[in-house]
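Colleague: I would like to go through this model with you, beginning with its strands and then turning to a helix. Please give your reasoning each time.

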Amino acid sequence: MADVARLAGVSSQTVSRVSNGSPGVVEETRTRVLAAMRELGYRPNSAARALKHGEFRTLGVILFNLSTTGNVRTLEAIADSAAREGYAITLMPVAVPTQTDVRGAFTRLGELAVDGIIVIMEVHLLDASTISLPPHVQVVVVDSDAGDRYTVVDTDQRGGARAAVEHLLGLGHRTVWHLAGPPDSFAAQRRTEAWLTALREAGRTVPPLLFGDWSAESGYKAGKLVPDDCTAVFAANDQMALGLLRALHERGRRVPQDISVVGFDDIPESASFIPPLTTVHQDFAEVGRRCVDGVLRQIRDQSAERGTALVPTRLVRRDSTGPAPSDG
């Protein structure tokens with residue numbers, strides 16, 4: 001730092017302010033200091049800075065599944081929000097969601113020196129008596145049912161699913177079939193419960209469930225099982241809806257003239273499906289922002305606010321839904 005200061009013709013304190021991104025440095029001076037840093041190959045010592053200020057400017061993320069669209073987009077949103085706050089992300093994937101592996105992930109993140117941890121659960125883990133998070137760790141959990149014990153951020157799964165079913169019923173369909181996600185998924189369970197409740201409240205027949213694993217291939221297989229008298233399907237995510245559309249096309253069933261389809265997620269590609277998919281939009285950016293905001297408030301205030309914060313959803317109407325056929 002002293003070498004940089006001599007080359008740039010400034011004080012060591014000025015070099016420190018520039019390396020920390022502090023305001024109050026004249027732009028010309030900042031440019032000169034950065035040029036001196038590049039010339040000398042100087043890099044600020046983040047470990048030393050952490051010891052001095054008591055923070056590492058890094059958040060850990062524990063993730064149990066990198067294959068689902070929702071988890072990947074949530075992770076991306078968390079990384080973007082953290083970067084805007086000046087924090088880096090350290091990702092710790094956990095292949096087998098057991099108590100031992102969960103605690104091992106927390107231990108490894110502790111060794112890597114993080115200020116707080118965000119856990120993307122998705123499956124039913126915190127609900128089980130065998131799974132618990134270490135005490136005295138600043139934690140926010142995404143997509144879980146543990147709001148009585150932790151700070152939880154989630155999409156309004158029920159509200160989005162209800163909007164999808166009510167949209168289809170409003171188009172005149174007698175009932176709505178449901179292509180559900182994996183039974184161990186919290187999100188899938190909430191969407192299924194809302195589908196069931198909406199049909200019962202409307203006094204409609206409840207068809208048997210179809211199940212997938214979030215993949216387009218599982219949606220395709222389920223599409224082969226949809227009966228000919230079905231006129232509306234609510235798929236628990238857009239990827240399964242994509243496979244469902246292919247299966248219906250191969251069977252000669254026109255969408256939406258013969259059968260309507262609604263998805264969930266509003267992935268960027270959903271507007272390019274054939275036909276463009278009506279779906280429930282999840283605000284992943286807002287989920288990421290609330291996760292980062294929640295863990296940073298814990299870090300700064302040293303107190304956790306238990307409870308679940310729901311991020312609203314909205315129905316995006318496109319061409320995959322239409323009035324029920326006259327004989328449907």
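Colleague: In what order do the strands of the open sheet of 6 strands lie?

Modeller: This is a predicted model. Its open sheet has 6 strands with parallel pairing. S2 (88–93) and S11 (307–311) are the edge strands, each pairing on one side only. Neighbouring strands are turned by 25° against each other on average, direction ignored. The order is S2-S1-S3-S4-S5-S11.

Colleague: Which residue in S2 is the bridge partner of Val61?

Modeller: Strand S1 covers residues 58–63 and pairs with S2 in the parallel sense over 6 bridges. In S2, the bridge partner of Val61 is Leu91.

Colleague: At about what angle to S4 does helix H11 run?

Modeller: H11 (residues 284–301) lies across S1, S3, S4, S5 and S11. Relative to S4 (139–142), H11 runs at about 160°.

Colleague: Which helix do the buried residues of H7 pack against?

Modeller: H7 spans residues 157–170, and its buried residues include Gly160, Ala161, Ala164, Val165 and Leu168. An α-helix has 3.6 residues a turn, so residues three or four places apart point the same way. The buried residues of H7 pack against several strands, among them S5 (151–155) and S8 (232–235), and against helix H8 (186–201).

Colleague: How far does H7 reach from its first C-alpha to its last?

Modeller: H7 has 14 residues, and at 1.5 Å a residue a reach of 20 Å is expected. The reach in the model is close to that, at 20 Å.

Colleague: Which residue just after H7 takes a positive phi?

Modeller: The phi in question is about 100°. The residue that takes it is Gly172.

Technical notes. Residues numbered from 1 in each chain as written. Predicted model: local features only at pLDDT ≥ 70, side-chain atom pairs only at ≥ 80, totals over all residues. Heavy atoms only, no water. Helix = DSSP H or I, 4+ residues; strand = E, 2+ residues; numbered from the N terminus. Expected span 1.5 Å × (residues − 1). Buried < 20%, exposed > 50% of the residue type's maximum accessible area, 1.4 Å probe, protein only. Contact = heavy atoms within 4.5 Å. Pairing = 2+ DSSP bridges. Axes fitted to C-alpha atoms, helices over the stretch in contact; angles between N-to-C directions.
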